[in-house]
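Trainee: Could you take me closely through one loop of this protein and then through the sheet and core around which the rest can be described? I would like the cut-offs behind each term as well.

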Amino acid sequence: MGKWMKRTINPSDVPESEDHILVEDLARLAEGAVDATERQHLIGHLNRCRRCFQILQETLKDVSAETSMQPVSVPWWRTGMFYALAFSIALVLIIGGPLAIKHWTQRSPVILASLDLDQALKDILLEDDTLKWEKKERVNRLLTALQQRGLEVKDLDLVLLSKPYYQKKSLFGPKEVLHIRIDNGVAYLEVKEND
Ligand SMILES: [Zn+2]
């Protein structure tokens with residue numbers, strides 16, 4: 001690791017004598033597993049070193065990417081907004097430290113997933129054309145379906161659909177994929193054609 005670090009150092013405004021932060025230390029910072037003195041030191045470096053800050057951001061992005069089941073076309077929530085959110089999480093972690101991390105971990109983590117739209121999922125979507133599902137029975141049916149497909153969702157309060165879903169006329173059209181983002185008990189759904 002030490003060697004890799006030295007080879008990839010770019011000239012920056014960090015003095016030559018100062019070592020870059022090890023990835024392990026960035027990870028510990030993200031987890032809040034550093035004491036006040038060490039955090040001060042790491043943040044001091046992050047303030048001056050764009051390279052280490054970028055690695056920290058990548059670390060946080062990786063964490064959210066791990067929960068995504070398969071890479072498909074970029075869904076609507078993975079836009080600037082999403083990365084702005086990831087960035088603000090980074091700031092919360094850096095500024096707030098362990099206290100803020102406790103707050104974030106007490107919330108359920110954001111789940112991103114993409115599933116093939118099979119008949120059982122279609123049936124749930126086709127039940128009616130409201131975009132905001134509040135009927136507990138229907139929300140729970142979706143919850144069960146997601147759990148059966150391997151998503152680690154504990155509970156859902158609300159489901160929001162990006163647009164009404166209609167059954168396709170042709171059986172031979174492009175495959176449909178259900179993109180899901182679950183954040184704090186709310187599931188955001190969007191159906192896209194995968195071509
Ligand atoms: Zn650095």
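Mentor: Asn184 is exposed, because 10 other C-beta atoms lie within 10 Å of its own (exposed means 12 or fewer such atoms, buried 20 or more, and partly exposed in between, with C-beta atoms placed from the backbone). This is a predicted model, in which local features need pLDDT of at least 70 and side-chain atom pairs count only at pLDDT 80 or more, while totals for chains, interfaces and linings use all residues. Residues are numbered from 1 along each chain as its sequence is written.

Asn184 belongs to the loop between strand E4 (175-183) and strand E5 (186-194) (helices, H or I of at least four residues, and strands, E of at least two, are DSSP runs numbered from the N terminus). The backbone of Asn184 deserves attention, since its phi is positive, about 55°, although Asn184 is not a glycine. Most residues other than glycine have a negative phi. A positive phi also occurs just after helix H8, where Gly150 takes a value of about 95°.

The two strands that flank this loop belong to an open sheet of 5 strands, ordered E1-E4-E5-E3-E2, with mixed pairing (two strands pair if DSSP finds at least two bridges between them). Strand E1 (111-116) and strand E2 stand at the edges, and because each has a single partner strand, one side of each is left without a neighbour in the sheet. From E5 the sheet continues to E3, and these strands pair in the parallel sense over 4 bridges, with Leu160 standing opposite Tyr188 in E5. On the way to the E2 edge, the sense is antiparallel: 2 bridges join E2 (residues 132-133) to E3 (residues 158-161). Here Lys132 stands opposite Leu160, while Trp133 has Val159 of E3 as its bridge partner.

Val159 leads from the sheet to the largest nonpolar core, which has 13 residues, and Val159 is among the members that touch the most others, together with Leu121, Leu142, Leu178, Ile180, Ala187 and Leu189 (such a core is a set of buried Ala, Val, Leu, Ile, Met, Phe, Trp, Tyr and Cys residues joined through C-beta atoms within 7 Å). At least two residues of this core come from each of helix H7 (119-126), H8, E4 and E5, and the largest share, 3 residues, is supplied by E4. Leaving aside residues up to four places away in sequence, Leu121 touches Leu115, Ala145 and Leu178 (a contact means C-beta atoms, placed from the backbone, within 7 Å).

A second, separate core of 6 residues includes Ile21, Leu26, Leu29 and Leu56. Ile21 also lies 9.5 Å from Phe53, C-alpha to C-alpha, although the two are 32 residues apart in sequence. Phe53 is placed in helix H4 (residues 50-65), and it is partly exposed because 18 other C-beta atoms lie within 10 Å.

For the wider setting, the protein has 8 helices and 5 strands, which follow the pattern α-α-α-α-α-α-β-α-β-α-β-β-β along the sequence. Of its 195 residues, 11% count as buried. Among the contacts with a separation of 6 or more, 69% are between residues 24 or more positions apart.

Notes: Contact = placed C-beta atoms within 7 Å.
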